[in-house]
Amino acid sequence: MKQAWIPFASRPVPRYTSYPTAADFAPDVSEPDARLWASATTPDKPVSVYIHVPFCEKLCFYCGCATSVPNGYSRIASYLETLHREIDLWAAALGDHAGMAHLHFGGGSPNALSAEDFKDLVAHAARAFHLRPDAEIAVEIDPRSLSPDFIHAMAVSGVNRVSFGVQTLSPTVQQAVGRIQPKILLSEGIDRLHDAGIRAINMDLMYGLPHQTVADVEDAAHFAAEMGAARISLFGYAHVPWFAKHQKAIDEDALPGLEARFEQAEAGAHTLELAGYHAIGLDHFARADDSLAVAARAGTLHRNFQGYTDDPCDTLIGIGSTAISQFSEGYAQNFKDRPNWQAAINNGRLPVERGVAFTDDDRLRSRAIERLMCDLEVDVDAVCDEMEAPRGSLADALETARFLQSAGLCELNGKTIRVPTEARLFLRTVAQSLDGRYKPAAQRHAKAV
């Protein structure tokens with residue numbers, strides 16, 4: 001890592017899976033707003049649905065997700081009962097639309113559900129939101145608890161993409177993060193998915209974990225490529241123990257430093273690119289024939305709360321506690337507190353606790369940030385023209401980008417901001433120059449690298 005980059009590497013910046021970011025969500029957006037926004041869908045456009053399953057058999061120390069260990073199936077069963085009611089509430093609230101184009105199950109670990117309960121949940125969502133014949137149904141999986149019954153349930157339910165949590169193959173690192181999963185367990189799980197007809201396998205890898213080395217990251221990247229992953233994410237571990245309390249179990253003295261993290265990320269990316277994967281945005285890689293790579297080449301790549309996506313839907317309905325819905329008018333987030341989430345649904349209300357309504361400036365900056373995060377460059381005048389804003393509306397971003405250019409983090413050519421490939425890991429730092437709401441605050445965002 002260049003010496004000029006080191007001061008920027010430790011600065012906290014948002015992930016920009018949305019703009020405005022969740023830090024700007026407030027309770028002045030509530031159920032009536034979400035209900036009004038949901039009713040505005042139109043018959044010519046499909047919708048997407050995300051279903052949150054906040055349970056895991058075991059907690060991984062590195063995880064920052066909203067999840068818990070159920071300690072018996074009764075908590076899951078109670079949650080599921082409410083989840084089915086929420087599906088009906090959102091389906092009734094939506095206006096006419098062209099069906100559900102994407103259905104994504106995340107968590108937590110969706111395979112914490114029983115096979116029968118999972119099939120029932122998919123079938124209910126498919127009926128309620130009118131699943132399109134060409135829809136993508138994707139499920140995030142914990143390989144440690146992936147049973148043959150659950151694989152069969154996914155296959156018969158039409159699941160056509162699975163995200164497989166690999167993270168690392170190093171036994172030392174696995175022990176340090178509380179996620180023991182031998183290589184043979186992973187490869188056998190992937191083989192069983194292939195045998196069931198689920199061919200599109202995404203794999204999640206991580207760098208920056210305790211005791212992790214460059215060789216560890218390269219080993220995991222080789223494994224993902226050898227197993228034929230369609231898409232691979234290479235995420236940096238974000239150590240935020242003030243937010244994710246179980247991260248306090250991680251030995252901070254064993255964490256790699258900033259320069260070591262940078263070397264690990266670069267080594268992983270180099271390994272994947274040598275294996276034929278195309279780099280996508282900040283931290284994703286895809287085979288040339290995968291729809292994500294196709295969208296990246298076509299300039300139609302998008303970014304939402306699940307990361308990089310080829311899903312073009314304007315409306316994303318988030319179902320489950322903490323889930324976030326996206327509309328043309330703004331974002332709406334469900335209650336994180338499960339009793340409040342359940343109480344709202346039991347009273348016939350959409351369980352929205354907070355959110356943010358878009359201003360015209362938000363829409364302009366959101367579009368510019370998304371294009372930079374997806375394409376590694378953005379012509380700010382072209383975005384102003386597209387969004388029917390006066391040219392010069394993003395002049396402040398150009399001023400900040402000039403400062404970053406002096407450190408080699410970006411390049412300016414007229415009104416175009418471009419992030420060079422070697423500075424890809426600082427993409428969020430450059431995107432921050434377009435953020436009109438950003439306020440520095442301690443313990444809010446993860447470090448840039």
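**Exercise 1. Find the loop that holds Pro 20, and describe the bond before this residue.**

Step 1. Pro 20 sits in the loop between helix H1 (6-9) and helix H2 (31-38). Helices (H or I, at least four residues) and strands (E, at least two) are DSSP runs, numbered from the N terminus.

Step 2. Tyr 19 and Pro 20 are joined by a cis peptide bond, with omega about -5°.

This is a predicted model, where local features need pLDDT of at least 70, side-chain atom pairs count only at pLDDT 80 or more, and totals for chains, interfaces and linings use all residues. Residues are numbered from 1 along each chain as its sequence is written, and side-chain values use heavy atoms, leaving out hydrogens and water.

**Exercise 2. Describe the peptide bond from Gly 107 to Gly 108.**

Step 1. This bond is cis, and omega is near 10°.

Step 2. Gly 108 lies in the loop between strand S2 (100-107) and H4.

**Exercise 3. Work out how H3 and H4 are arranged.**

Step 1. Two packed helices are described by the angle between their axes and the distance between the axes.

Step 2. The axes of H3 (residues 73-93) and H4 (residues 115-129) come within 9 Å and cross at roughly 10°. Axes are lines fitted to C-alpha atoms, for helices over the stretch in contact; angles run from 0 to 180 degrees between N-to-C directions.

Step 3. H3 and H4 are therefore roughly parallel (angles under 35 degrees).

Step 4. Now list residues that meet. H3 brings residues including Leu 80, Leu 83 and Trp 90; H4 brings residues including Leu 121, Ala 125 and Phe 129.

Step 5. By class, this contact has 10 nonpolar, 2 polar and 3 charged residues. Ala, Val, Leu, Ile, Met, Phe, Trp, Tyr, Cys and Pro count as nonpolar, Asp, Glu, Lys and Arg as charged, and the others, Gly among them, as polar.

**Exercise 4. Place Gln 342 and name its partners.**

Step 1. Gln 342 belongs to helix H11 (residues 338-346).

Step 2. Leaving aside neighbours within four places in sequence, Gln 342 is in contact (heavy atoms within 4.5 Å) with Ser 78, Tyr 79 and Thr 82.

Step 3. The side chains of Gln 342 and Thr 82 make a polar contact (3.4 Å). Such a contact is a pair of N or O atoms within 3.5 Å; within protein, one must be able to donate a hydrogen and the other to accept it, and residues adjacent in sequence count only if both atoms are side-chain atoms.

**Exercise 5. Locate His 211 and give its phi.**

Step 1. His 211 is in the loop between strand S5 (200-207) and helix H8 (214-226).

Step 2. Phi of His 211 is near 70°, a positive value in a residue other than glycine.

Note on methods: Parallel < 35°, antiparallel > 145°, perpendicular 65-115°, else oblique.
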